[in-house]
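The following exercises concern a single protein chain. Work through each task with the sequence and the coordinates at hand before reading its solution.

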Amino acid sequence: MKIAPQKVAQLHYVLSNSHGELLDDSRQRGEPLEYLHGHDNLMAGLERALEATEPGSRVDVTLAPDEAYGRRDESLVREVGRQAFPAAELRPGMCFQTPGDAGPQIVTVVEVKDTTVVIDTNHPLAGQTLRYQVEVLEVRDATRAELAKGHPLPAGTEASSVEDRKVL
């Protein structure tokens with residue numbers, strides 16, 4: 001079976017930057033990635049590269065910043081009150097997940113001052129060219145429940161447990 005819309009694909013990947021530095025390796029973590037093709041679960045450029053591949057296929061794709069996490073936007077670096085952070089001890093490089101306008105976002109601490117904290121809400125990989133080396137492990141039809149939610153679900157999840165139920 002080939003990767004196509006409404007299919008769930010399982011894959012291993014190695015992610016590195018343009019300098020060849022290893023950023024992530026799903027095999028080292030022992031966690032293959034599963035995603036629902038055609039539902040914006042992956043970056044569009046990576047999804048296009050995987051289209052029509054099948055188990056056993058290997059894909060090597062390089063994505064420019066505009067195809068990956070976007071360009072860095074310096075307007076997303078700003079100063080906020082220290083009280084916005086629950087941690088008593090803050091230091092540069094610490095990351096927090098916070099709600100954002102488009103869903104959860106990662107906030108990185110850049111500088112800690114007496115009463116304020118300089119934060120960066122750019123994605124940590126924004127502005128970077130990324131290389132994905134992917135091996136397709138499995139491809140299967142998505143379940144009704146997965147199609148209703150728009151992403152893979154644990155095996156055995158019933159559609160009725162995730163679909164909206166209207167009260168009459």
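**Exercise 1. A residue and its surroundings**

Thr 108 is found in strand 7. The model is a predicted one.

Task: Determine whether Thr 108 is buried or exposed, and list the residues that Thr 108 touches, not counting residues up to four places away in sequence.

Solution. Step one is the accessible area. The relative accessible area of Thr 108 is 18%. A residue counts as buried when this value is under 20%, so Thr 108 is buried.

Step two is the list of contacts. Once residues up to four places away in sequence are set aside, Thr 108 touches Gly 93, Met 94, Cys 95, Val 118, Ile 119 and Asp 120.

**Exercise 2. The setting of strand 8**

Task: Establish how many of the residues of strand 8 are buried, and which strands pair with strand 8.

Solution. Step one is burial. Strand 8 covers residues 116-120, and five of its five residues are buried, so the strand is largely enclosed by the rest of the structure.

Step two treats the faces. In a regular strand, side chains alternate between the two faces of the sheet. In strand 8, Thr 116, Val 118 and Asp 120 lie on one side, with Val 117 and Ile 119 on the other. Both faces are covered, as the residues on either side are all buried.

Step three identifies the pairing with strand 5. Strand 5 comprises residues 77-81 and pairs with strand 8 in the antiparallel sense over five bridges. Within this pairing, Asp 120 of strand 8 is the bridge partner of Val 77.

Step four turns to strand 7, residues 103-112, which runs antiparallel to strand 8 and is joined to it by four bridges. Val 109 has Ile 119 of strand 8 as its bridge partner. A hairpin through three residues connects strand 7 to strand 8.

**Exercise 3. The pockets**

Task: Describe the volume and the lining of the largest pocket, then those of the second largest pocket.

Solution. Step one is the largest pocket, which holds about 270 Å³ of space. Its lining consists of 14 residues, and those nearest its centre are Asn 41, Leu 42, Met 43, Tyr 69 and Tyr 132. Strand 1 (7-17) and strand 9 (130-141) are the elements that give two or more residues to this lining. Strand 1 gives the most, with three residues. By class, the lining of the largest pocket contains 11 nonpolar, one polar and two charged residues.

Step two is the second largest pocket, with about 200 Å³ of space. Tyr 69, Arg 71, Leu 76, Pro 104, Gln 105, Ile 106, Thr 121, Asn 122, His 123 and Ala 126 form its lining. This lining divides into five nonpolar, four polar and one charged residues.

**Exercise 4. The chain as a whole**

Task: Summarise the elements of the protein, its extent, its burial and its contacts.

Solution. Step one counts the elements: the protein has three helices and nine strands. Read from the N terminus, their order is β-β-α-β-α-β-β-β-β-β-β-α.

Step two gives the extent. Along the principal axes, the C-alpha atoms fill a box of roughly 55 × 55 × 30 Å.

Step three considers the surface. The protein has 168 residues, of which 35% count as buried. The exposed area is about 10400 Å², and carbon and sulfur atoms supply 48% of it.

Step four concerns contacts between residues at least 6 apart in sequence: 62% of these join residues at least 24 apart.

Technical notes. Residues are numbered from 1 along each chain as its sequence is written. This is a predicted model: local features need pLDDT of at least 70, side-chain atom pairs count only at pLDDT 80 or more; totals for chains, interfaces and linings use all residues. Side-chain values use heavy atoms; hydrogens and water are left out. Buried means under 20% relative accessible area, exposed over 50%, partly exposed in between (1.4 Å probe, protein chains only). Two strands pair if DSSP finds at least two bridges between them. On a 1 Å grid over the protein atoms alone, a cavity is a set of points where a 1.4 Å probe fits but cannot get out, and a pocket is an open set with protein on both sides within 12 Å along at least five of seven lines; lining residues have an atom within 4 Å of a point. Grid points are joined across faces, edges and corners, and a volume is the space filled by probe spheres set on the points. Ala, Val, Leu, Ile, Met, Phe, Trp, Tyr, Cys and Pro count as nonpolar, Asp, Glu, Lys and Arg as charged, and the others, Gly among them, as polar. Contact means heavy atoms within 4.5 Å. Accessible areas come from the Shrake-Rupley method with a 1.4 Å probe; for residues, only the protein chains shown count as cover.
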